[in-house]
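Biologist: Please look closely at one part of this model, the pairing of charged side chains. Then set that part against the rest of the fold.

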Amino acid sequence: MRKVTFKGKNTSVSKYGHRFEPGKPLLVADETAEKLGQEKDFTVEEIQSEPAPAADDNGKDDGPTLQELKDQAKAAGIKGFSSLNKQELIDALAAQTQKDDPYANAPTS
């Protein structure tokens, strides 16, 4: 996998089944990254392999830490986030995301 960033002036562009927003890196397969690297509006970076997240005794990944969730809640402007537990933070962030996206619950045809 490689990190690809769109440097164009469009609001976003879709290429090879991926939607790229300007300045936001996106992980894509090596073959696709090579193709995009040949285009003028894309930059490609190798990513450092990160160690796999530690799993607890039952082998499940618990997702983001409480501190990461609190940081996200603070950035999202959720009031009272510091007194919420992990599940409450996840729920509040999900509700905030739906509130920010007016088409989240729109019917599809």
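**Salt bridges and their setting**

Modeller: Glu-39 and Lys-15 are joined through their side chains by a salt bridge of 3.2 Å, N to O (a side-chain nitrogen of Lys or Arg within 4 Å of a carboxyl oxygen of Asp or Glu). This pair links distant parts of the chain, 24 residues apart: Lys-15 belongs to strand E2 (residues 13-15), and Glu-39 to the loop between H1 and strand E5 (42-46). Helices (H or I, at least four residues) and strands (E, at least two) are DSSP runs, numbered from the N terminus. Glu-39 is partly exposed at a relative accessible area of 25%, and Lys-15 is also partly exposed, at 28%. Here buried stands for under 20% relative accessible area, exposed for over 50%, and partly exposed for what lies in between (1.4 Å probe, protein chains only).

The model is predicted, so local features need pLDDT of at least 70 and side-chain atom pairs count only at pLDDT 80 or more, whereas totals for chains, interfaces and linings use all residues. Residues are numbered from 1 along each chain as its sequence is written, and side-chain values use heavy atoms, with hydrogens and water left out.

The structure has 6 salt bridges. One of them is between the side chains of Lys-24 and Glu-21, again at 3.2 Å, N to O; Glu-21 is partly exposed, with 26% relative accessible area. Through shared partners, salt bridges also join Arg-2, Asp-30, Glu-34 and Glu-46 into one network. Within it, Asp-30 pairs with Arg-2, where the closest N and O atoms are 3.4 Å apart. Because Asp-30 sits in helix H1 (residues 30-37) and Arg-2 in strand E1 (residues 2-6), this pair ties together parts that are 28 residues apart in sequence. Asp-30 is partly exposed at 30%, while Arg-2 is buried at 17%.

Helix H1 also holds Glu-31, which is exposed at 55% relative accessible area. The C-alpha atoms of Glu-31 and Met-1 are 8.9 Å apart in space, with the two positions 30 residues apart in sequence terms.

The nonpolar side of the fold comes next. The largest nonpolar core (buried Ala, Val, Leu, Ile, Met, Phe, Trp, Tyr and Cys residues joined through side-chain atoms within 4.5 Å) consists of 8 residues, among them Val-4, Phe-6, Val-13, Ala-33 and Leu-36. At least two of its residues come from E1, and at least two from H1. Separate from it is a second core of 5 residues, including Leu-69, Ala-73, Leu-89 and Leu-93. In soluble globular proteins, nonpolar side chains tend to be buried together. Leaving aside residues up to four places away in sequence, Val-13 touches Phe-6, His-18, Arg-19, Phe-20 and Phe-42, a contact being heavy atoms within 4.5 Å.

Finally, the whole chain. It has 3 helices and 5 strands, in the order β-β-β-β-α-β-α-α along the sequence. Of its 109 residues, 17% count as buried. Among contacts with a separation of 6 or more, 36% are between residues 24 or more positions apart. The accessible surface is about 8500 Å², and carbon and sulfur atoms account for 49% of that (Shrake-Rupley method, 1.4 Å probe; for residues, only the protein chains shown count as cover).
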